Amino acid sequence: PLSSRSPELQGHQMPRVDKKRRRCHVMPPLQPRCGWRGRWPRAASTAWPAWCLTAALAPGGRRVAAQVVPTGGVNAGSEGEPWDSPGMPRQAFPTQAWPGHQSGMQALPPLVIGGVEFSREDDIENMEKLSELFGRVFYTSILAPGDASVEAAWQGLSSDIWSLAEHAMQVPALALSVAMCLYNYFWWEGPHSLEPRMESGWTAAQLMHVALGHAGCRDPQLPAMEWYIRQCHLRWRYLLMLAGEVGRHLAVQRRDVAAAARVLVQLRGFFGELRQLPNSGLLHGVVPHEVNFNADYYPAAVSRQGPVWKSPLQDLPVAGFLEANFATIRGELDAILASKGAFRSLDEQTRNAETQFGPRGDDWLTAYMFRKGEAIPSVCARAPRTCELLQSRPEVAGCKAGGSGAGFLRMRPGGRLKPHFGNAPRLSVHLGLIVPDGEIRMNVGYETVRWEEGKVVVFDDTFIHQVVHNGVEPRYVMNLWMCHPCDPEDGKGPGERVPAYCDGPPGMMHQLGLQPLPPRQQQSA
């Protein structure tokens, strides 16, 4: 059981592979065949599970990674992005051997999962492949409330991910991909559960630490360019997010001080190690939740403003503009809500496919009016005056960056958005439209936000952030994902200059001449 390897979580229910439903037989040369006595989701092209994992012994009893030979694959499509943070520079890893790789070692057999061959070195390529495999089942089954096959599909996926987690501990090239699948698809206890699954978060953190070592990201001699190409900045930040959120939940929600202390002690060790690395990207090095992605571009502004901006009306012209037009924007939202089913219809027309962002598919609904500076006619037809107002703002209509946009956001009562990072470089602006009574809050980095009707909140969503709605009525805000005000070109009006709070040394992305690739999916709260 996992608890034997993770004393930090002893006492909590740990997942086990359902051995009664699965049987694997190792066939020479290390080719397992898999049988399945149970129901696999209809998304699969066969009655067998997508893969079967088993440990194998080489001659002499030496443990090696078993080859995984599928009996069939899953073939429904998925467009999910493995990282829900910014699209980053992507290129093949350098041709030199990975840390720990011995050029003279005995060649291992191909590693095949779900009909797809995986690399024993390039773990970013593996992450993309495994996320696609899991996403196919997730999008066709788990996001289908009321479907009788959901529970069976969940059980099958759960068995597979925990088998893979066991395997990835022995095959470091799989550690990153399995860690991100645990985070993306298994953060919650089950379909539509509001309780985070602590085992998923902590196992993902352990695997992320393995992935850091595999990529050489713990090496203080690693050049800055390699640090970003190997996505070390993403790996370290996800590690701190995963370990930090598990520790916080154990302490604050479950009140399990002993378990929380064991996790947080390890978090302190991770953070201390990152602080010693020259490319850490930390501005202050005080708390793990200070990690963010905008600091890679505009560190001076991030250092001065923090996660939640203290003087938005003074520092951001669009903030006062939104508050001045609250009545118009709220009136058009009210008109949409007066038409039964209209908001959900707009969500279906404009929302991107996402990973397990909230525990239920309708925890978070959206009605986007703009994306990357372009108006969306179907929504603007419902809110023409609001779209006209937004069209007049260069922060919206003049912002072409990936991940930018504007629209109404709805959070349902009892809803949750899991901890995540937004796309960089950008800034988020919320105008409270309908804010009911109750505990409705957002944690951003090391700060907490609560909305007020008619008031603007400006926050840096590239910090770790999550939302909790324990009220009794839906919450609605107008959201702007705008180009960062320190960007000298994108999102600027004629003759507009960057504000004084941007003055300072450039971020590492600019120093190295790197630019983010447009993300295939944009996600935020």
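Select Arg-360 and Asp-363 to begin: both are buried. The model on your screen is a predicted one, and this pair is a good place to start. Show the two side chains and you will find that they meet in a salt bridge, with 2.8 Å from N to O.

**Stop 1: the charged network**

Keep that view and add Arg-344, Asp-362 and Arg-412 to the selection. Together with Arg-360 and Asp-363, they are linked in a network of salt bridges. Now pick out Arg-412 and Asp-362, which form a salt bridge whose closest N and O atoms are 2.9 Å apart. This pair links distant parts of the chain: Arg-412 is in the loop between β9 (405-411) and β10, while Asp-362 is in the loop between α12 (342-350) and β7 (364-371), 50 residues apart. Switch on a surface and check how covered these two are. Arg-412 counts as partly exposed, at 21% relative accessibility, and Asp-362 is partly exposed too, with a relative accessible area of 22%.

**Stop 2: a salt bridge elsewhere**

How many salt bridges does the structure hold? There are 20. Another one to select is Glu-453 with Arg-330, where the closest N and O atoms are 3.6 Å apart. Glu-453 lies in the loop between β13 (447-449) and β14 (456-459), and Arg-330 lies in helix α11 (residues 326-338), so the pair ties together parts that are 123 residues apart in sequence. Glu-453 is partly exposed, with a relative accessible area of 40%, and Arg-330 counts as partly exposed at 22% relative accessibility.

**Stop 3: strand β7 and its partners**

Next, select β7 and hide the rest for a moment. Is this strand mostly covered or mostly open? It is mostly covered, as seven of its eight residues are buried. Bring back β9, which runs antiparallel to β7 and is joined to it by seven bridges. To find one of them, click on Arg-371, whose bridge partner in β9 is Gly-405.

Then add strand β8 (residues 374-375). Two bridges join β7 to β8, and these strands also run antiparallel. Phe-370 is the residue to click here, with Ala-375 as its bridge partner in β8. The hairpin of β7 and β8 has two residues between the strands, and in it Lys-372 takes a positive phi near 50 degrees.

**Stop 4: backbone surprises**

Stay with backbone torsions for a while. Most residues other than glycine have a negative phi, and most peptide bonds are trans. Select Gln-231, where phi is near 60 degrees, a positive value in a residue other than glycine. Gln-231 has its place in the loop between α5 (224-229) and α6 (232-252), and counts as buried at 4% relative accessibility.

Move to the other end of α6 and select Arg-255, in the loop between α6 and α7 (257-275). Its phi is near 55 degrees, again a positive value. Is Arg-255 buried or exposed? Arg-255 is exposed, with a relative accessible area of 64%.

For a cis peptide bond, go to the step from Ala-424 to Pro-425, where omega is near -5 degrees. Pro-425 lies in the loop between β10 (416-420) and β11 (426-434).

**Stop 5: the disulfides**

Color the cysteine sulfurs. A search of the whole structure finds four disulfides, and three of them are visited here.

- Cys-217 and Cys-232: the S to S distance is 2.0 Å. The torsion about their S-S bond is about -70 degrees, so the disulfide is left-handed. Cys-217 sits in the loop between α4 (198-214) and α5, and Cys-232 in helix α6, 15 residues apart. Both are buried.
- Cys-380 and Cys-387: their sulfur atoms are 2.1 Å apart. With an S-S torsion of about -90 degrees, this disulfide is left-handed. Cys-380 counts as buried at 12% relative accessibility, as does Cys-387 at 6%.
- Cys-486 and Cys-502: their sulfur atoms are 2.0 Å apart. The S-S torsion is about -85 degrees, so this disulfide is left-handed. Both cysteines are buried.

**Last stop: the nonpolar core**

Finally, show Val-178, Leu-316, Leu-322, Met-369 and Phe-408 as spheres. These are the residues with the most contacts inside the largest nonpolar core, which has 135 residues. Which helix gives the most to this core? α6 does, with 11 residues.

Conventions. Residues are numbered from 1 along each chain as its sequence is written. This is a predicted model: local features need pLDDT of at least 70, side-chain atom pairs count only at pLDDT 80 or more; totals for chains, interfaces and linings use all residues. Side-chain values use heavy atoms; hydrogens and water are left out. Helices (H or I, at least four residues) and strands (E, at least two) are DSSP runs, numbered from the N terminus. Buried means under 20% relative accessible area, exposed over 50%, partly exposed in between (1.4 Å probe, protein chains only). A nonpolar core is a set of buried Ala, Val, Leu, Ile, Met, Phe, Trp, Tyr and Cys residues joined through side-chain atoms within 4.5 Å. A salt bridge is a side-chain nitrogen of Lys or Arg within 4 Å of a carboxyl oxygen of Asp or Glu. Two strands pair if DSSP finds at least two bridges between them. A disulfide is a pair of cysteine sulfur atoms within 2.5 Å.
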